[in-house]
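Dear colleague,

I am handing over the structure that we talked about, so please open it alongside this message. My notes come after it.

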Amino acid sequence: MRDVAAAISPRLAAEALVASVDGRLVDLTYPLHADATVRFITPDHAEALMVYRHSTAHLLAAAVTALFPEAQCGIGPATDEGFFYDFVVSRPFVPDDLARIEAKMRDLAAQDLPFDRQMWAREEAIDFFRRRGEPLKVELIDDKTAGQREVSCYTIKDRETFVDFCIGPHVPSTGRLRAFRLLSTSNAYWKGDARNQAMQRVYGTAFPSQADLETYLHRLEEAKKRDHRKLGKELGLFTSHPWAPGAAFWLAKGTTLYNLLAAYMREVLFPAGYVELKTPLIYNKALWETSGHWEHYRDNMFVIEAEDEQMSVKPMNCPGHFLVFASEGRSYRDLPLRFYEQTPLHRKEASGVLSGLTRVRQFSQDDAHCFVTEEQIGEEIERLLRLVQRVYSDFGLSYTVKLSTRPEDFLGEATTWDHAQAQLGRALEAAGQAFTAAAGEGAFYGPKIDVDVTDAIGRKWQCATIQLDYEMPRRFDLTYIGADNAEHRPVVIHRAIVGSFERFIALLIEHYAGAFPLWLAPVQVVVLPISDKHLQYAREVRAALDHAGLRADLDDRTEKIGYKIREAQLQKVPYMLVVGNREAAERNVAVRSRSEGDLGSFSVDELIAQVREESASKGQRTLARVPATSSPS
Ligand SMILES: [Zn+2]
Ligand SMILES: [Zn+2]
């Protein structure tokens, strides 16, 4: 293989990491036979990243086994963020260990040792790892290679230096691994099961270039500063308690933000023809049997008993909406029918995965179900895409769209799927929406459109989803009377634009780093009297702001004005109104913006008018600095 690369160009031979043969990634030492389609993967290819990361995981294991000879190795996969490797060790790793391990990795990389693929007889491999005291590797070989005569093992330099059972591929030699960093350790269990052997997981990351690594590390730092759990506490938005795992306690400011978001979604959806429902939170198991949740989703539901009946708290709104649809006769004239709901949902997430507002047990969604005729699908999807565009542009968020099509395991007729997918594709084009196709990634009951938001530091968050469903209308026997006077089955579109409010608020906190735009800020304006002498006037200003419908606060503590400004700045309040002798005399306010600093003096009426305008325009127009000449001094 390397000869093929060399025949093309010596530079390619030097740069190539692995090769792709008929679409499968292999080592450069792979023996090439027959007419295969070959591509060489160099560091600039997207496929290179995972090869770097996985190879670096081997380098990590080689370093750990060199420094801790009794360590046993588990698995070491590449991930979207980097890689990890699990080890059985006699004591947990401490930060000093990480530094030593990383230094050893650099040492092994500097020696530019070859990754060598060897085919061993299966029994020989099992015997080798057993003798070396690596029962977990023996178990892996047992599990993964049943029926095979040979298994592939990779050495770094030689068996004594490092050997691992793996299918590969890897970079040709350790010298190719330069831009890596170990990040953290955590407790882990063999095969992720707490009943199994306890292990230590070491996390790291690796990139093709030092510059990419630095960008990532910078983003990690930035992400730490923006962490919604940290900011949520500092800004007084929400808190939690171990007695209510996975559920937020929304404090006054957080509740304001939550309600603003909910009100905003209603403001967008009602003119678009949606009606809001409030359906029950708890249902008899019969409903979940009909929907299929009892069979497929029960482990994620909170099941409760009531008078010997098994009931469950709803994990989603859909079945309730189907009951409402079926509660009266429907005609084609009623369609599209759009039911919207934002009542709380509960899902029994494992306590170990709960995190802040992103992995929770209780949440609400901007959830809706559109009941349409087969012919209405295209237009309805197009309308939905326009709503998605409007909502994300209001939040200043950019996003990408993916069309996921028929998976291997699907319900219904292939022709219905083809038709539905074609309608989705046409709707995306009609809405002028660029998208990528993800073949085979649709839900088993229908194709879907997923929207990934990119936040201010380049991370992706899956938010909006639009799913076509032919299956639930059948299970719930939903019908409408068509223009032909016959019964027809509607198609259901499940859709959410922001998705879970909790998760979306986490995204907004991290995207804006807590500095919400004026229209979303829980406190928009704070009045800061310079001393107690100015309290009376400050109260009048605040009352005027309240009266104008602005979210205002007054810092009436006996503190120095510099201190009050710093506090307001830390609370990321968009506008601070400082009032002292001159302001009280002239019935003015000295305006300070959290991002622009001093803006000059405004009359209270003028300030109110401009702030309202900025809020209504969702930040398109902002408060302008008063030109120095017109500012009374
Ligand atoms: Zn490997
Ligand atoms: Zn649904």
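Below are notes on the domains, the metal site and one helix.

This is a predicted model, in which local features need pLDDT of at least 70 and side-chain atom pairs count only at pLDDT 80 or more, while totals for chains, interfaces and linings use all residues. Residues are numbered from 1 along each chain as its sequence is written, chains are lettered from A and ligands numbered from 1 in the order written, and side-chain values use heavy atoms, without hydrogens and water.

The domain assignment, which comes from an automatic or database source, gives domain 1 (2-41), domain 2 (48-217), domain 3 (233-279 + 317-512) and domain 4 (525-630).

The zinc ion (ligand 2) is coordinated by Cys318 (SG), His369 (NE2) and His494 (ND1), at 2.0 to 2.3 Å; donors are N, O and S atoms within 2.8 Å of the metal (3.2 Å for Na, K and Ca), and the site may look incomplete because water is not among the atoms. Since Cys318 lies in helix α12 (residues 318-326) and His494 in strand β26 (residues 491-500), the pair ties together parts 176 residues apart in sequence; helices (H or I, at least four residues) and strands (E, at least two) are DSSP runs, numbered from the N terminus. Both Cys318 and His494 are buried, meaning under 20% relative accessible area (exposed is over 50%, partly exposed in between; 1.4 Å probe, protein chains only).

In helix α14, the buried residues include Trp417 and Leu424, and the buried residues of this helix pack against α13 (377-394), β20 (398-404), β22 (448-454) and β23 (460-469), where contact means heavy atoms within 4.5 Å. Glycine 432, with a positive phi near 65 degrees, follows α14.

Best wishes
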